[in-house]
Amino acid sequence: MTNKSESLFKRAVKVIPGGVNSPVRAFKAVGGNPLFIHRADGSKIYDVDGNGYIDYVCSWGPMILGHNNAAVREAVTEAAKNGMSFGAPTEAEVKLAEKIVSFVPGVETVRMVNSGTEAVMSALRLARAFTGRRKVIKFDGCYHGHADAVLVKAGSGALTLGEPDSPGVPENTAGDTCVASYNDLDGVEELLKKNAAACVIVEPVAANMGVVLPKDGFLSGLKELCRAHGALLVFDEAITGFRLAKGGAQERYGVTADLTVYGKIIGGGLPVGAYGGRREIMEIVAPGGPVYQAGTLSGNPIATAAGLAALTALENRDIYGHIDKMGEKLAAGLSDIARKSGIKACVNRAGSLVCLFFGIESAEDCKSAKKADTERYAGYFRGMLDGGVYLAPSQFEAMFVSNAHTEGDIDETLDRAERAVKVKVK
Ligand SMILES: *Cc1c(COP(=O)(O)O)cnc(C)c1O
C-alpha cells in the first residue's frame, strides 16, 4: 500500500535511531511501519504515497486550528522575510508574553524556551531554588518531557514501549522524584508529610496515559496540600494549555497553579515551550535573579510569530465552542459503537481531548488505564488507518480534535470506527 513510505523507512532506520526522531512516531505497539507524511491541510494529512487521512494526532496537539492554518503560515512567512534569528529581544516576544499573561489567571510573567521538556526542566529547577528543597512529586503515567527528573513512571512513549524508567537516568536523580497515583490525594499527602518537596507537578488533565480526568476536588485538593506543606504546585499544561480554554485547565477548573509549563499549541506548530507563574517566583530567574536558564534560539522570531498568530486566532474566534462540540460528538459516537458491538470499552473526554480505551470500564489513574486491551487497540488502529483515519499508534495517547474537523469528518470517522472496532490482529 505504502511503497514510498516503506522505502523511506528502510533508509531512515540506517541513519536515525529506530528510523524516527521521537519514539512515539514508531508503529511498534500497533505493528507495521510509520507513514511518512508529505503535507497536511485542515483536518487531513497526506502521506508520501498520496493517501489522505482524517488526522487525530494533530502533531500531538499543536495543530488546534487545523493543519496549515493560513494566518499562522502567513505570519511565519512574513517574519522569515526579516531574518531567521537575532539573539536579541524583539517586539513579537513582548506581544506573545502579554497575550499569555492576559489569557492565564496564574501567569504573571513568562519565559520562552524551545520545547515542553525544556520548560519542565527549567520550572523544576526554579521550584527547587525558590523553596530550597530537592524532592519533586509527580504522578504515575503523567508525562513531562524527557528530562531525567521526570523520566520516572512516565506516560506517553515510555508507557507505550513499556519502559517507564529509562536507563541512563542517574539513581540519585530518580531518587529525588516521588511518584503518587493520579486522583489519589491521600497518597500525595503521605508523600508530602514524609518528604520536604519543592513541588508537585501534574498534568491537570492527564493526556499521556490515554485521557484521564481529574476527579472533582483533585486539583483544588492538590493546591491546598501544597499550600499546607510549603510545596509549589506546577501545572504541566503542555497539552491542556490553550486547548481546554484560553486559560487552559486553570480557567476550566478554576484552580491556579504557582508555576505553569507550556508546549505544543504555544508554538503554533514550531518548536516552542514556556514556563511562567507568580511574579515573586519568576523574579529569581536570571538575569533578574540567580536561577540560571538560557537559550540561544529562545523567543526565536519565526517561532514567536507562529505562536502569536495561533494564540491570536484562539482569542478572536469561537474555536472552543466548535472543538468541544466535535469532541463531544466523537466521544458519544465511539461510546455508542462500543456498546452496540458488545465490546467492553470506555471513552474519556475533556473538551477536544478524547480517548477510547478498550477492555476496561473506567480509567482514573495509570493502574486502571494500563489494564486497557492494547492488542485490540492495535487492530482498531490498523482498521482505522485502512479506512483513512490517522490515530496515534498507541492506546495511551489522546485523540486531538482541531477547529478544522467538521461534523462530516466526525461522521466519517465514526463510520470507519464501526468496522475497525471489530478488527483483531493475529
Ligand atoms: C509533550 C509534552 C511534554 C514535552 O514537550 P516536548 O515539546 O515534546 O519536549 C511535556 N509535558 C506534557 C504534558 C506533554 O504532553
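**Group meeting: a walk through the model**

Okay, let's start in a strand pair: Val-354 stands opposite Met-399, and that Met-399 sits in strand 14. Before I go on, remember this is a predicted model. Val-354's stretch is strand 12, residues 353-358, which pairs with strand 14 in the antiparallel sense over two bridges.

Zoom out a bit and you get an open sheet of three strands, in the order 11-12-14, with antiparallel pairing. So which strands are the edge strands? They're strand 11, at 345-350, and strand 14, at 399-400, and each of them pairs on one side only. Now look at what lies across the sheet: helix 12, residues 319-340, goes over strand 11, strand 12 and strand 14. Against strand 11 that helix runs at about 175 degrees.

Next stop, the ligand. The residues around it include Ser-115, Gly-116 and Thr-117, then Tyr-143, His-144 and Gly-145, and among the others are Glu-203, Asn-208, Asp-236 and Lys-264. Ala-238 and Ile-239 belong to that group too. By character, the shell divides into three nonpolar, six polar and three charged residues.

Which polar contacts should you click on? Try Thr-117, where an N or O atom of the side chain is 2.6 Å from an oxygen atom of the ligand. At Gly-116 it's a polar backbone atom, 2.8 Å from a ligand oxygen. And Tyr-143 has a backbone N or O atom 3.3 Å from a nitrogen atom of the ligand. How much of the ligand does the protein bury? Taken alone, the ligand exposes 380 Å², and 83% of that gets buried by the protein.

Now a few loop residues. Phe-36 is in the loop between helix 1 (3-15) and strand 1 (37-41). Setting aside neighbours within four places in sequence, Phe-36 is in contact with Ser-5, Leu-8, Phe-9 and Ala-12, plus Asp-47 and Val-48. If you want a sense of scale, take Arg-279, 243 residues apart from Phe-36 along the chain: their C-alpha atoms are separated by 44 Å.

Last bit, backbone geometry. Most residues other than glycine have a negative phi, and most peptide bonds are trans. With that in mind, look at Trp-60, in the loop between strand 3 (52-55) and helix 2 (70-80). Trp-60 has a positive phi, near 70 degrees. Then there's the peptide bond from Ala-286 to Pro-287, which is cis, with omega near 10 degrees. Pro-287 is in a loop as well, the one between helix 10 (279-282) and helix 11 (301-316).

That's my tour. Over to you.

Terms used:
Residues are numbered from 1 along each chain as its sequence is written. This is a predicted model: local features need pLDDT of at least 70, side-chain atom pairs count only at pLDDT 80 or more; totals for chains, interfaces and linings use all residues. Side-chain values use heavy atoms; hydrogens and water are left out. A residue is near a molecule or strand if one of its heavy atoms lies within 4 Å of it. A polar contact is a pair of N or O atoms within 3.5 Å; within protein, one must be able to donate a hydrogen and the other to accept it, and residues adjacent in sequence count only if both atoms are side-chain atoms. Accessible areas come from the Shrake-Rupley method with a 1.4 Å probe; for residues, only the protein chains shown count as cover. Ala, Val, Leu, Ile, Met, Phe, Trp, Tyr, Cys and Pro count as nonpolar, Asp, Glu, Lys and Arg as charged, and the others, Gly among them, as polar. Two strands pair if DSSP finds at least two bridges between them. Helices (H or I, at least four residues) and strands (E, at least two) are DSSP runs, numbered from the N terminus. Contact means heavy atoms within 4.5 Å. Axes are lines fitted to C-alpha atoms, for helices over the stretch in contact, and angles run from 0 to 180 degrees between N-to-C directions.
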